[in-house]
Structure formats: structure tokens, C-alpha cells
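Reader: Could you take me on a close look at one part of this model, the packed interior? I'd like one connected story rather than a list.

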Amino acid sequence: MTKKNVLVLCTGNSCRSQMAHGYLKKFLGDRAKVFSAGIETHGLNPGAVAIMKEDELDISSHTSNHVDEYKGIDWDFIITVCDHANENCPFIPAPKAKRLHHNFFDPSKVDGSEKEIHEAFQKARNEIRDYCSEFAAREFS
């Protein structure tokens with residue numbers, strides 16, 4: 001069976017797309033090659049790394065990549081995880097790709113106490129985990 005190529009796209013490929021990347025790798029295993037990218041690169045968000053570690057997923061070796069780095073890949077799925085990337089992404093030629101969009105709020109924009117910031121990352125992580133689990137069950141069953 002040929003592995004499907006899945007691209008998760010966000011603005012800076014630092015937080016939400018990285019979390020989705022981690023969960024999709026977990027839920028899809030060897031059924032897909034999962035990539036994440038941004039329309040910009042902002043580096044890996046330490047809060048995203050920490051909140052994923054709480055759920056026993058290590059994304060610390062992920063890198064923040066620009067979508068142009070993946071030109072030529074034959075995508076099966078392109079998933080945007082923020083409105084900005086969905087509205088501003090350059091055209092990605094992928095005639096057979098199923099394009100999906102879900103806007104997850106950005107926990108890195110939350111300003112507050114440590115507890116409030118942690119809760120924001122936890123909320124985003126849990127919503128992303130649920131979305132990725134449902135995607136894997138729906139598209140790869």
C-alpha cells in the first residue's frame with residue numbers, strides 16, 4: 001500500500017501545525033507521510049513542545065519549515081489549521097489533494113498568568129488532538 005502524503009499548514013509552522021503534525025504521525029503511523037509547514041517560519045514554539053510532552057508526544061526534533069520546501073510532493077491531503085494560512089497561502093499545485101480547513105485559536109497569542117497560558121495551550125492541544133483523531137478515523141479507515 002502506498003503511503004499518503006499529508007501536509008499541515010499554518011502561518012508560522014511553530015505551534016498549531018506542529019501539534020497537528022505530532023498527532024497525525026501518532027494516529028496514522030506508517031499509513032501516511034506527515035509534513036508540516038508555514039507560509040512563514042517562526043521556529044518551534046516551546047509552549048507547544050511542553051504541552052505535547054504532557055501528552056507523551058515528543059515534537060522537540062520538529063523543525064519550522066516553509067511551504068516552498070515541499071514543492072513537487074504529490075499531496076493527498078492539505079490541512080490548514082488557521083484562517084490566515086488558509087486565506088494567504090500561495091497556490092499549491094495538488095490536483096488530487098483533498099483540502100481541509102479548521103481554524104484553531106492560537107495559544108501563543110494568549111497573554112496572562114502562567115496558569116492561563118498553560119490552559120490555553122492545553123485547550124488548543126486537546127482540540128487539535130480530537131480533530132486529528134477524527135480525521136484519521138474518517139479518512140484512513
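Author: Let's start with Cys132, which counts as buried because its relative accessibility is 1%. Bear in mind throughout that this is a predicted model. Cys10 gets the same label: it counts as buried because its relative accessibility is 3%. You might wonder about sulfur bridges, but the structure holds zero disulfides. Cys10 has the sulfur of Cys82 as its nearest cysteine sulfur, 3.5 Å away, and is in no disulfide. That 3.5 Å gap fails the test because a disulfide needs the two sulfur atoms within 2.5 Å. As for Cys132, the nearest cysteine sulfur is that of Cys10, 12 Å away, and Cys132 is in no disulfide either.

Now for the core itself. Nonpolar side chains tend to be buried together in soluble globular proteins. Here the largest nonpolar core has 43 residues, and Leu7, Leu24, Leu28 and Trp75 have the most contacts inside it. Two or more residues come from each of S1, H1, S2, H2, S3 and H4. H4 makes the largest contribution, with seven residues.

H1 is a nice place to zoom in. This helix runs over residues 16–28, so 13 residues in total, and its first and last C-alpha atoms lie 18 Å apart, close to the 18 Å expected at 1.5 Å a residue. H1 is mostly covered, with ten of those 13 residues buried. Among the buried ones are Met19, Ala20, Tyr23, Leu24 and Leu28, but also Arg16, Gln18 and His21. And what does the covering? The list includes strands S1 (4–10), S2 (32–38) and S3 (77–80), together with helices H2 (46–54) and H4 (114–139).

Leu28 is worth a look of its own. Setting aside neighbours within four places in sequence, Leu28 is in contact with Val6, Val34, Phe135, Ala136 and Phe140. Leu28 is also one of the residues with the most contacts inside the core. Right after H1 comes Gly29, with a positive phi near 55 degrees.

One more stop, at S3, since it helps cover the buried residues of H1. S3 pairs with strand S4 (residues 98–101) in the parallel sense, over four bridges. In that pairing, Ile79 stands opposite Leu100 in S4. Helix H3 (residues 83–88) joins S3 and S4 in a right-handed β-α-β unit.

Note on methods. Residues numbered from 1 in each chain as written. Predicted model: local features only at pLDDT ≥ 70, side-chain atom pairs only at ≥ 80, totals over all residues. Heavy atoms only, no water. Expected span 1.5 Å × (residues − 1). Buried < 20%, exposed > 50% of the residue type's maximum accessible area, 1.4 Å probe, protein only. Contact = heavy atoms within 4.5 Å. Core = buried A, V, L, I, M, F, W, Y, C linked by side-chain atoms within 4.5 Å. Pairing = 2+ DSSP bridges. Right-handed = clockwise from strand over helix to strand, strands pointing away.
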